[in-house]
Amino acid sequence: QVQLVESGGGLVQPGGSLRLSCAASGTIFSISTRGWYRQAPGKQRELVANIISSGPTYYADSVKGRFTISRDNANNTMYLQMNSLKPEDTAVYYCNTMGKLRPGGFEFNYWGRGTQVTVSS
C-alpha cells in the first residue's frame with residue numbers, strides 16, 4: 001500500500017555532487033520521521049540524515065556540513081543533496097519513512113529498494 005522509490009544515484013568522482021530523490025505513493029496517516037540510510041558492503045545499515053515530524057533535522061557526523069535533507073510536500077518527495085562526496089560515501093542509499101497507515105494502527109518502517117552511489121576516480 002505504501003511505496004517509496006529512490007532515484008538519482010550513480011557514479012561520481014570525489015568532490016562531486018549528487019541529489020537523491022525519494023518519491024512516495026500510497027497514504028500514510030501519520031509520520032514520525034523521514035530519513036535516509038545507507039549500507040556499504042560488509043557494513044551495517046546506518047542513519048545518514050532524518051527529519052523529525054516536529055521539524056528538527058539530524059545528520060550523522062560523517063556527513064554533517066556536506067549533505068542536506070529536504071522535503072517537497074507538494075510533490076510528496078524527499079531529497080538528499082550530497083556535496084563534496086568522498087569514496088567512503090559509497091553505499092546503497094535507502095529512503096525511509098516511519099508512520100501509521102490508520103488511526104490507532106501500528107508504527108511501521110517503510111523502505112525503498114535503494115539506489116547505488118559510487119564515489120571513485
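This passage describes an open sheet and the largest pocket of a predicted model.

We can begin with the sheet. Strands of a sheet pair through backbone hydrogen bonds, either parallel or antiparallel. Here, four strands come together in an open sheet, and following the order across it gives β1-β3-β8-β7, with antiparallel pairing. At the edges lie β1 (3-7) and β7, each of which pairs on one side only. From one strand to the next, the twist averages 15 degrees. Within this sheet, β3 and β8 run antiparallel and are joined by 6 bridges. A handy place to look at this pairing is L18, which stands opposite M82 in β8.

The strand β3 is also a good guide to the largest pocket, since β3 gives the most to the lining, with 4 residues. The volume of this pocket is about 250 Å³. Its lining comprises 19 residues, and those nearest the pocket centre are A24, I31, R34, N76 and T97. At least two lining residues come from each of β3 (18-25), β4 (30-39), β7 (67-72), β8 (77-82) and β9 (91-100). In chemical character, the lining is mixed: 9 of the residues are nonpolar, 7 are polar and 3 are charged.

Viewed together, the two descriptions share some elements. The strands β3, β8 and β7 belong to the open sheet, and β3, β7 and β8 each supply at least two residues to the lining of the largest pocket.

How values were computed. Residues are numbered from 1 along each chain as its sequence is written. This is a predicted model: local features need pLDDT of at least 70, side-chain atom pairs count only at pLDDT 80 or more; totals for chains, interfaces and linings use all residues. Side-chain values use heavy atoms; hydrogens and water are left out. On a 1 Å grid over the protein atoms alone, a cavity is a set of points where a 1.4 Å probe fits but cannot get out, and a pocket is an open set with protein on both sides within 12 Å along at least five of seven lines; lining residues have an atom within 4 Å of a point. Grid points are joined across faces, edges and corners, and a volume is the space filled by probe spheres set on the points. Ala, Val, Leu, Ile, Met, Phe, Trp, Tyr, Cys and Pro count as nonpolar, Asp, Glu, Lys and Arg as charged, and the others, Gly among them, as polar. Two strands pair if DSSP finds at least two bridges between them. Axes are lines fitted to C-alpha atoms, for helices over the stretch in contact, and angles run from 0 to 180 degrees between N-to-C directions.
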